[in-house]
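Work through the following exercises with the sequence and the model open beside you. Each task is followed by a solution that proceeds step by step.

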Amino acid sequence: MNAHISGIGMTSERTRNRLVERLQAEGITSQHILQIIAQTPRHLFIDEGLSHRAYEDTALPIGMGQTISQPYIVARMTEILLQTGRMDKVLEIGTGCGYQTSILSKVSKTVFTIERIRALHMQARKTLSGLGLHNIQYLFADGFNGWPQNGPFDAIIVTAAPQSVPEKLIMQLSEDGGRMIIPIGATETNQELVLIERQGNKVKQTFIEKVKFVPLVSGIKR
Ligand code: SAH
């Protein structure tokens, strides 16, 4: 790994390992996920001025009023999907800076990711291809519609919160054990992370925990 990717000082391996210890203390058990997080240069997904905070377990601003998700929640959502079934084809709604996308790309064959803000979509593509991650397909569009041409998906991860589960996304889950992990809630202070599992036309919902995400917004922003 070159110094840019491996980091020094506040972005070094030692700092990253402290983040991993913290995630373990918070209940993340998947060694696979912890290892991927330890190897992912989160500082390259945010503005250089914030690099020194890249390995804190917090969400941080990425511009355009959006955030990079908290490492704990990225780990938790990915761990749940990994533990509940197949991960060959995964759809992500809300690329943002691409941090969650990079973690998904390490545990699935192909990641399909959708972002509604053009500037973030472009920047994420650049960051992720710069890291040599090539099993990712990008779409600049409104994620409420999903990506029907590439479905059905083994798993769908939504990284912004709608008021209710978008019906079109449920329709794009594999009928044979497709799962969706999604924050649901009308206000930022009252959101719940929910796991949805599909078997044929049966859909089971499980409450995971209280969360705080930016809202899922319809339409695109050029
Ligand atoms: N996955 C990111 C989290 C980004 S925050 C990470 O790893 O840090 C959520 C993102 O969802 C924002 O970039 C926001 O623009 C995007 N978003 C919100 N509504 C959307 C929609 N309808 N379709 C696609 N992306 C959306």
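The exercises below concern a predicted model, and they treat first its sheet and then its salt bridges.

**Exercise 1. Determine the strand order of the open sheet of seven strands, and state which strands stand at its edges.**

Step 1. Reading across the open sheet, the seven strands follow the order β5-β4-β3-β6-β7-β8-β9, and their pairing is mixed.

Step 2. β5 (136–140) and β9 (202–211) each have a single partner strand, so that one side of each is left without a neighbour in the sheet, and these two are therefore the edge strands.

Step 3. Between neighbouring strands of this sheet the average turn is 15°, with direction ignored.

**Exercise 2. Describe how β3 and β4 are joined, and name the bridge partner of Glu92.**

Step 1. β3 and β4 run parallel and are joined by five bridges.

Step 2. Glu92 has Thr113, in β4, as its bridge partner.

**Exercise 3. Find which strands α4 touches and which strands α6 lies across, and give the angle for each helix.**

Step 1. α4 packs on the sheet, where it touches β6 (155–158), β7 (176–184), β8 (191–199) and β9, and its direction makes about 155° with that of β9.

Step 2. Helix α6, which comprises residues 118–130, lies across β4 and β5 and runs at about 165° to β5.

**Exercise 4. Locate the salt bridge of Asp88 and decide how accessible each of its two partners is.**

Step 1. The side chain of Asp88 meets that of Lys109 in a salt bridge, with an N to O distance of 3.7 Å.

Step 2. This pair links distant parts of the chain, 21 residues apart: Asp88 lies in the loop between α4 (71–84) and β3 (89–93), whereas Lys109 lies in the loop between α5 (99–105) and β4 (110–115).

Step 3. Because a residue counts as exposed over 50% relative accessible area and as buried under 20%, Asp88 is partly exposed at 32%, while Lys109 is exposed at 58%.

**Exercise 5. State how many salt bridges the structure holds, and examine those of Arg53 and Glu197.**

Step 1. The structure holds eight salt bridges.

Step 2. In one of them Arg53 pairs with Glu56, their closest N and O atoms being 3.0 Å apart; Arg53 is partly exposed, with a relative accessible area of 31%, and Glu56 also counts as partly exposed at 31%.

Step 3. Glu197 forms a salt bridge with Lys204, where the closest N and O atoms are 3.8 Å apart, and Glu197 is partly exposed at 23% relative accessible area.

Step 4. Arg76, Glu79 and Glu209 are joined into one network by salt bridges that share partners.

Definitions and conventions. Residues numbered from 1 in each chain as written. Predicted model: local features only at pLDDT ≥ 70, side-chain atom pairs only at ≥ 80, totals over all residues. Heavy atoms only, no water. Salt bridge = Lys/Arg side-chain N within 4 Å of Asp/Glu carboxyl O. Buried < 20%, exposed > 50% of the residue type's maximum accessible area, 1.4 Å probe, protein only. Helix = DSSP H or I, 4+ residues; strand = E, 2+ residues; numbered from the N terminus. Pairing = 2+ DSSP bridges. Axes fitted to C-alpha atoms, helices over the stretch in contact; angles between N-to-C directions. Contact = heavy atoms within 4.5 Å.
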